[in-house]
Amino acid sequence: MASLAKPAISSQCLGYLRRLAGIHSARLSPSFHQQVRGKKKNAKGPHVVNVRLLEDIQGYGRKGSIIPIAPGRMRNIYYPQRKAEYVTEAQMRTTNQKDLLAERDFSFGLPQTQPDPQPMEEIAIGVPTKLLTPKRTSEIIEAQVPSDIIFYRVPIATPEPEPAPSEPVGNSINAIGGEAPLRKALELEPSVTRIFGSVSTADIVESIKAVLWASEEGARVVLAPEDININEKESEDLGIEADRLKALGEYTIEIRVKGVDPLPRRVVIRAQEADR
């Protein structure tokens, strides 16, 4: 059986046919010849729509107000329940301006949970603003502040030093050259117990103010940390600085009021238990 032979078509004929088909298609429908994609448009609708309220709605506004609300709320709730109606642009231009609201009234129809704030002059603390004279300030401090201002701080535990090897007393006396030099050599330095933190001049002022605020005149006394002077000599070994104390003990201070003599007081720092 003889095989069926397909007619051979030259490549030149095929090219001619393609060009011819392209020319006719371009004449018939240019849009199908080449597709050009442009910028995709946003398919989302507006974020808000303007509606007129047909009744008072709590948290939104009074009846007749035109407010912007979310399209979904209008479409699913207010419009089916006939609580609001859509407003066109033409209606917006003819609407009374007093009915137009830039946003919903969140406080409309809500109960007043708190009273309106009073003017500042009515709620201010009833302390006269007139300053006391230096003499009167000194008299109030002298009368109300106790002689001892007591603080409690947790002491820092220090390990006890190991005792030195003992020697016969007679030999020590002979070696040093007499009993008096021995007593002087064995004389110990005053013990100092350090504390966690410190007691500063600011702490002293706060303690004094806490006492003075018990009376109306005492509340008017003005004191600052610079008005407290620690009379003790500064010593790092004893825990004494110009504006703070760092060890247990008793210390003398002065409360200075400009224009009058300073008032002496004593600061007492006592040990406090760690779990107190």
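**Exercise 1. Strand pairing around β9**

How many bridges join strand β8 (residues 249-255) to β9, and do the two run parallel or antiparallel? Determine also how β4 is joined to β9.

Solution. The model is a predicted one.
- Step 1: β8 and β9 are antiparallel, and seven bridges join them.
- Step 2: To place this pairing in the model, take I255, which stands opposite L263 in β9.
- Step 3: Turn to β4 (residues 148-153), which is joined to β9 (residues 263-271) by six bridges, the two strands running parallel.
- Step 4: Here R153 stands opposite A271 in β9.
- Result: β9 therefore has an antiparallel pairing with β8 and a parallel pairing with β4.

**Exercise 2. The buried side of helix α3**

Identify the buried residues of helix α3 (residues 71-78) and explain why they lie on the same side of α3.

Solution.
- Step 1: Three residues of α3 are buried, namely P71, M74 and Y78.
- Step 2: Around the helix axis they span an arc of only 110 degrees, and so they share the same side of α3.
- Step 3: The general background is that an α-helix has 3.6 residues a turn, so residues three or four places apart point the same way.
- Step 4: The cover over the buried residues of α3 includes strands β1 (49-53), β2 (66-69) and β3 (84-86).

**Exercise 3. Aromatic pairs**

Find the aromatic pairs, classify each by its geometry, and state whether the tyrosines concerned are buried or partly exposed.

Solution.
- Step 1: The count of aromatic pairs is two.
- Step 2: In the pair of Y60 and Y78, the ring centres are 5.7 Å apart and the planes stand at 90 degrees; an angle over 60 degrees counts as edge-to-face, so this pair is edge-to-face.
- Step 3: This pair links distant parts of the chain, since Y60 belongs to the loop between β1 and β2 and Y78 to helix α3, 18 residues apart.
- Step 4: Both Y60 and Y78 are buried.
- Step 5: Y79 and Y86 form a tilted pair, with 5.4 Å from centre to centre and 50 degrees between the planes.
- Step 6: Y79 has a relative accessibility of 48% and is therefore partly exposed; Y86, at 38%, is also partly exposed.

**Exercise 4. The chain as a whole**

State how many helices and strands the protein chain has, and what share of its residues is buried.

Solution.
- Step 1: The chain has nine helices and nine strands.
- Step 2: Of its 276 residues, 23% are buried.
- Step 3: Its exposed area is about 21500 Å², of which carbon and sulfur atoms supply 54%.

Conventions
Residues numbered from 1 in each chain as written. Predicted model: local features only at pLDDT ≥ 70, side-chain atom pairs only at ≥ 80, totals over all residues. Heavy atoms only, no water. Buried < 20%, exposed > 50% of the residue type's maximum accessible area, 1.4 Å probe, protein only. Helix = DSSP H or I, 4+ residues; strand = E, 2+ residues; numbered from the N terminus. Arc of directions from axis to C-beta. Contact = heavy atoms within 4.5 Å. Pairing = 2+ DSSP bridges. Phe/Tyr/Trp six-rings, centres within 6.5 Å; stacked < 30°, edge-to-face > 60°. Areas by Shrake-Rupley, 256 points an atom, 1.4 Å probe, with all protein chains shown as cover.
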